[in-house]
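Please open the model in your viewer and keep the sequence panel beside it, since this tour moves from one selection to the next.

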Amino acid sequence: MNDSVALDPVDLDILRLLQNDARTTYRDLAAEVGVAASTCLDRVARLRRAGVILGHQLRLDPAKLGRGLQALLMVQVRPHRRELVGPFVERIRALSESRAVFHLTGPDDYLVHVAVSDTADLQRLVLDEFTSRREVARVETRLIFQQWDCGPLLPPPAG
C-alpha cells in the first residue's frame, strides 16, 4: 500500500525549511521558496490536511531536565498476543521516562527509548515497570552515549 502524497519542488522546499525551523514565519517561508505568503499558507494547510505535516514539537534537552542518561530497551513479550501487547504498549507510552516505542520484527518485539536520571533510576525503571510485568519475557538494555540528528525527511528521489 502506497500512502504517499504527490509533492512538487515548492512543497519539498517548504517541508525542508519547516523541518529545520518550524517557527519560520509564512512571510519568510514564502520569500525563501519564491511564492506569495498566501500561497505558502495554503500549501502548508494542504500538507496538514493530507497528513504530511503531523504537528509541531518542541525539543528539550533531557540532561537539563535531570534525565541525562538515555537508553534503548529491547523488550521481548510472551506470549505475543494482541490482548497482552495493547495494554503493555499503552502502559509503556504513559511512563514519563519513555521517549519513543517501536514495534519490531525479529527476536525483540519492542524497542523503547527512555531518558532517566542515572543508572539507579534506569535499574528501577527496568525492574519495576518492565521485568515485573508477566508478559515481559526479556529486556536488554543499551546505553546511549551520543545522539546525532539527521537531515530533513523528504521523499526518495524519482527514478
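In which helix is Ala30 found? Select residues 26-33, which form helix 2, and you will have Ala30 within your selection; bear in mind throughout that this is a predicted model. Ala30 has a relative accessible area of 2%, and because buried means under 20%, Ala30 counts as buried. To see some of what surrounds Ala30, leave aside its neighbours within four places in sequence and display Val35, Ala36, Ala37 and Cys40, with which Ala30 is in contact. Then add Ile14, which is 16 residues from Ala30 in sequence, while the two C-alpha atoms are 8.3 Å apart in space.

Next, turn to the sheet, which is open and consists of four strands in the order 2-3-1-4, with antiparallel pairing. Strand 2 (98-103) and strand 4 (136-144) stand at the edges, and because each has a single partner strand, one side of each is left without a neighbour in the sheet. On average, and with direction ignored, neighbouring strands of this sheet are turned by 20° against each other.

Now select strand 1 (residues 69-77) together with strand 3 (residues 110-116), an antiparallel pair joined by seven bridges. Within this pair, pick Leu73 and look to strand 3 for its bridge partner, Val112.

Finally, bring in the helices that accompany these strands. Helix 4 (residues 82-94) packs on the sheet and touches strand 1, strand 2, strand 3 and strand 4, its direction making about 20° with that of strand 3. Helix 5 (residues 119-131) lies across strand 1, strand 3 and strand 4, and runs at about 160° to strand 4.

Key: Residues are numbered from 1 along each chain as its sequence is written. This is a predicted model: local features need pLDDT of at least 70, side-chain atom pairs count only at pLDDT 80 or more; totals for chains, interfaces and linings use all residues. Side-chain values use heavy atoms; hydrogens and water are left out. Two strands pair if DSSP finds at least two bridges between them. Helices (H or I, at least four residues) and strands (E, at least two) are DSSP runs, numbered from the N terminus. Axes are lines fitted to C-alpha atoms, for helices over the stretch in contact, and angles run from 0 to 180 degrees between N-to-C directions. Contact means heavy atoms within 4.5 Å. Buried means under 20% relative accessible area, exposed over 50%, partly exposed in between (1.4 Å probe, protein chains only).
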